Number of protein chains: 2
Amino acid sequence: MVTDGPEHTERPAALAFSTENCQVAAAMRVLGERGTIVVLREVFNGVRRFDDIQQHSGLARQVLSDRLARLVEHAILRRVPYRPEGGGRARLEYRLTAKGLELYPVLAAVADWGARHYASPDGPPVELAHRGCGAPVHAALVCEAGHAVEDPREVAPRPGPGARRRAS
Amino acid sequence: MVTDGPEHTERPAALAFSTENCQVAAAMRVLGERGTIVVLREVFNGVRRFDDIQQHSGLARQVLSDRLARLVEHAILRRVPYRPEGGGRARLEYRLTAKGLELYPVLAAVADWGARHYASPDGPPVELAHRGCGAPVHAALVCEAGHAVEDPREVAPRPGPGARRRAS
DNA sequence: CACCCTGGGTCTGATTGACAGACCCAGTAG
DNA sequence: CTACTGGGTCTGTCAATCAGACCCAGGGTG
């Protein structure tokens, strides 16, 4: 289906299928509001308290409040109360759930693409490292037969198990 | 840095660094507006004409117009005029550039996460296949030493070459 | 030639989302 | 008791998105 070839004379196959249950659309309903990915970047980088996230990300306070609430509601983040060791009142931090940690490939892929195309001359300010060996970590495409898919042109979308014909 | 461990008593290291040149933020300035990823989904799936994209995605026409213009401006998509074979007026389609194709890991990662957490009982309506062998393709984390990183907890963010101290 | 149709937009008033700044309340410490 | 701080919430203003209508250019047809 997706090639960059001369297919403009045929109706694309994808048009015949419904997008109602599309996994990309469903994910973007959760992740796609302004600032959500940036909030996740902060938490993945260890910045977990409301005010720290707000100042480091530059997001407006009630946008941040809304985004955090939604991420908690979707079980991507959880609120963890704690007491600072030097004493003082109970505070709150936001931590990733297992579901939230599964967003690491999304964040890594966005970071890789951003670094490749928009990095400053010095390179990106953050890189991901493999704890085992210290080598940098990247997002990649791999197939279930174990092949590394280096060229995006080797990927073809096709109808999946939940594909439904559009009523038209 | 990012563990889910008991680090809440220390200031997170990431706070000391500026986010001004962050690759995630830079990418999200391009990709993060409402509907952009969904537009890219359409084009990756072979839906390339304005009206087809509009109807299939459900986006409002001037939001779509704006998003397409921005994607063209950022050299992610290009406009290609063509003539239908049965005759008729010149038409336009939107095609991915090489830079645009490099977003496949982003789209795949989003799709994987969406399918895992929000798929309908039948499963996702679209899957990606490896042209060489036909096996399904996924986004994965790999390190530069060649290891597959299966557990997100094995990933640690660290300051990269472009890391800059915050003035505070 | 005139007329019609279609494709890729653009426009408009109404609704919703984001902003800066101010404010609030609860939990501590002194 | 007062003061301070942390995690929010509120308010008026501005920006983004919506549905529906409209526009214009490039064709084909009679």
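**Note on the contacts with DNA strand D and the pairing of the H6 helices**

1. A polar backbone atom of B:Gly88 lies 3.5 Å from a phosphate oxygen of DNA strand D. The model is a predicted one, and the distances in this note should be read accordingly.

2. Two side chains also approach the phosphates. In B:Arg34, a side-chain N or O atom is 2.2 Å from a phosphate oxygen of DNA strand D. In A:Ser65, a polar side-chain atom is 2.9 Å from a phosphate oxygen of this strand.

3. B:Arg34 is also one of the residues that come nearest to DNA strand D, together with A:Arg89, A:Tyr94, B:Arg67 and B:Arg83, out of 18 residues around the strand. By class, the surface near the strand comprises eight charged, six nonpolar and four polar residues.

4. On the DNA side, sugar or phosphate accounts for 65% of the atoms of DNA strand D within 4 Å of the protein, and bases account for the rest.

5. Which elements each supply at least two residues of the surface near DNA strand D? They are helix H3 (50-57), helix H4 (61-73) and strand S2 (91-96) of chain A, and helix H4 (61-73) of chain B.

6. A separate point concerns helix H6 (residues 104-118) of chain A and helix H6 (residues 104-118) of chain B, which pack with their axes 8 Å apart at an angle of about 165 degrees. An angle over 145 degrees counts as roughly antiparallel, and H6(A) and H6(B) are therefore roughly antiparallel to each other. Their crossing is left-handed.

7. In this pairing, A:Pro105, A:Val106, A:Ala109 and A:Val110 meet B:Pro105, B:Val106, B:Ala109 and B:Val110. The contact of H6(A) with H6(B) has eight nonpolar residues, with no polar and no charged ones.

Key:
Residues numbered from 1 in each chain as written. Chains lettered and ligands numbered in written order. Predicted model: local features only at pLDDT ≥ 70, side-chain atom pairs only at ≥ 80, totals over all residues. Heavy atoms only, no water. Near = heavy atom within 4 Å. Polar contact = N/O pair within 3.5 Å; in protein donor to acceptor, adjacent residues only side chain to side chain. Helix = DSSP H or I, 4+ residues; strand = E, 2+ residues; numbered from the N terminus. Nonpolar A, V, L, I, M, F, W, Y, C, P; charged D, E, K, R; others polar. Axes fitted to C-alpha atoms, helices over the stretch in contact; angles between N-to-C directions. Parallel < 35°, antiparallel > 145°, perpendicular 65-115°, else oblique. Left-handed = near helix turned anticlockwise from the far one by under 90°. Contact = heavy atoms within 4.5 Å.
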